[in-house]
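Colleague: I should be grateful for a close look at a single position in this model, and then for an account of the parts that lie beyond it. Please take the matter in order, so that I can follow it on the structure.

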Amino acid sequence: MPESDFTFTASNTTPSAEKTDIAELRRVAVHLAETAAAHVRARRPEVFGAEATELDAVQSKSTPTDPVTVVDTETEQLVRKLVAESRPGEQVLGEENGGTLLDDPDAVQWVVDPIDGTVNFVYGIPAYSVSVAAVRGGRSVAGAVADVAHGVTYSAGLGLGAHRSEAGREPIALRCNAVESVSMALVATGFAYATPRRARQGQLVAELLPHIRDIRRVGSAALDLCMVAEGRVDAHYEHGLNLWDWAAGALIAAEAGARLILPAPTSPGQDGELVVAAAPGIAAELGSLLDRLGVTTPIPISG
């Protein structure tokens with residue numbers, strides 16, 4: 001599989017002092033993600049339950065079918081407050097309130113998706129997450145993805161491996177599946193809200209489907225990447241993701257052994273660049289197949 005210049009590579013030669021620093025950033029990422037997830041979990045019945053009274057709880061962003069809720073904005077504000085308290089002076093880049101990606105290799109920046117899978121959140125489908133990554137110079141060094149509905153947190157530190165944790169249980173180290181043939185691969189993907197891009201994505205799924213075991217569409221790219229790490233799927237691909245969609249999940253997948261194709265961290269989702277994470281045993285074969293089918297070609301928002 002061809003690799004971009006921004007492919008994560010786990011390192012066993014990271015100096016011990018740097019490992020200690022990354023471990024602390026990972027701890028903070030987990031704390032931020034789990035605290036935010038608890039807020040999302042508590043607020044959903046208040047906003048969408050039978051007794052809900054809030055008006056204008058859901059609004060539209062890029063298209064009428066692309067929602068943002070009051071809980072999205074509240075959750076990002078919560079994370080920003082927590083960062084200001086625990087890591088004063090460090091900046092946040094978030095989906096809802098923006099920010100500018102720093103190119104300083106020594107400065108830590110927090111990249112946040114307060115609810116990845118907002119449509120699922122609105123409908124009550126239990127597949128939405130909070131994603132938090134610590135980034136230096138555009139490279140993720142620690143990250144956490146909290147599966148809100150199931151109380152599970154996936155996390156990783158660069159060179160420190162990836163783990164799944166939940167209350168009352170010992171953390172479990174994550175490794176990708178040992179699948180060796182694309183024909184046996186379960187592949188996750190996602191679709192855009194803009195009609196031209198969505199139509200092209202549908203065409204590509206139809207062309208890919210005969211070559212693989214099956215397709216899964218969960219609705220949260222961050223969770224898809226964690227499912228690659230955990231072996232619940234064998235690969236994930238998607239066009240048009242933004243940095244906050246993949247900054248934590250891609251690191252988790254990479255630390256579990258996945259091979260990745262990633263856009264530049266500054267690449268906006270509207271450009272339609274491809275993100276791929278694949279179990280190592282199928283990475284080369286899948287990369288060749290995606291290239292042959294035209295999946296590796298960007299799909300801009302205009303189609």
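**Arg136 and what lies beyond it**

Modeller: Arg136 counts as buried, since its relative accessibility is 18% and the limit for a buried residue is under 20%. Please bear in mind that this is a predicted model. The residue belongs to strand E5, which covers residues 129–136.

Setting aside sequence neighbours within four places, Arg136 is in contact with eight named residues: Asp21, Leu25, Asp104, Pro105, Asp106, Ala107, Val108 and Val141. One of these partners, Ala107, sits in the loop between E3 and E4. Apart from neighbours within four places in sequence, Ala107 has its own contacts with Leu102, Val135, Arg136 and Gly137. The C-alpha atoms of Ala107 and Gly138 are 9.9 Å apart, although 31 residues separate the two along the chain.

Gly138 deserves a word of its own. Its place is in the loop between E5 and strand E6 (139–147). At 3% relative accessibility, Gly138 also counts as buried. From Gly138 to Gly272, which is 134 residues away along the chain, the C-alpha separation is 19 Å.

Another loop offers a further buried position. Ser267 lies between strand E13 (259–261) and strand E14 (274–278), and its relative accessible area of 13% makes it buried. Not counting residues up to four places away in sequence, Ser267 touches Leu241 and Glu273. Asn242, in the loop between E12 and H6, touches Pro268 and Gly269 when residues up to four places away in sequence are left out. The C-alpha atoms of Asn242 and Pro263, 21 residues apart along the chain, are separated by 9.1 Å.

I turn next to the helices. H2 runs over residues 70–86; its 17 residues reach 24 Å from the first C-alpha to the last, close to the 24 Å expected at 1.5 Å a residue. Its buried residues are Val71, Asp72, Thr75, Glu76, Val79, Leu82 and Val83. Viewed down the axis of H2, these buried residues fall within an arc of 135 degrees, so they line one face of the helix. Among the elements that cover them are helix H1 (16–48), strand E2 (67–69), strand E3 (91–94), E4 and H3.

H4 can be described in the corresponding way. This helix, residues 195–208, has 14 residues and spans 20 Å from its first C-alpha to its last, close to the 20 Å expected at 1.5 Å a residue. Arg197, Gln201, Leu204, Val205 and Leu208 are its buried residues. Down the axis of H4 they occupy an arc of 105 degrees, and therefore they line one face of the helix. The cover over them includes strand E10 (186–189), strand E11 (214–216), strand E12 (235–239) and helix H7 (283–293).

From H4 the path leads to the empty space inside the model. Rolling a probe the size of a water molecule over the atoms shows where empty space is left. The structure holds one cavity of 30 Å³ or more, and the largest cavity contains about 30 Å³ of space. Which residues line the largest cavity? They are Thr189, Gly190, Phe191, Gln201, Leu204, Val205, Tyr237 and His239. H4 contributes the most to this lining, with three residues, while H4 and E12 each supply at least two. By class, the cavity lining has four nonpolar, four polar and no charged residues.

The largest pocket is the last part of this account. Its volume is about 880 Å³. Of the 38 residues that line it, Asp66, Glu95, Phe191, Ala192 and Tyr193 are the closest to its centre. The elements giving two or more residues to this lining are strand E4 (108–116), helix H3 (118–123), H4, helix H5 (221–230), E12 and helix H6 (243–255). The pocket lining divides into 11 nonpolar, 14 polar and 13 charged residues.

The links between these parts may now be drawn. E4 helps to cover the buried residues of H2, and E4 also gives two or more residues to the lining of the largest pocket. H4 and E12 serve the lining of the largest cavity as well as that of the largest pocket. Phe191 is one of the residues lining the largest cavity, and Phe191 is also among the residues closest to the centre of the largest pocket.

Methods:
Residues numbered from 1 in each chain as written. Predicted model: local features only at pLDDT ≥ 70, side-chain atom pairs only at ≥ 80, totals over all residues. Heavy atoms only, no water. Helix = DSSP H or I, 4+ residues; strand = E, 2+ residues; numbered from the N terminus. Expected span 1.5 Å × (residues − 1). Buried < 20%, exposed > 50% of the residue type's maximum accessible area, 1.4 Å probe, protein only. Arc of directions from axis to C-beta. Contact = heavy atoms within 4.5 Å. 1 Å grid on protein atoms, 1.4 Å probe; cavity = no way out; pocket = protein on both sides within 12 Å on 5 of 7 lines; lining within 4 Å. Points joined across faces, edges and corners; volume = space filled by probe spheres on them. Nonpolar A, V, L, I, M, F, W, Y, C, P; charged D, E, K, R; others polar.
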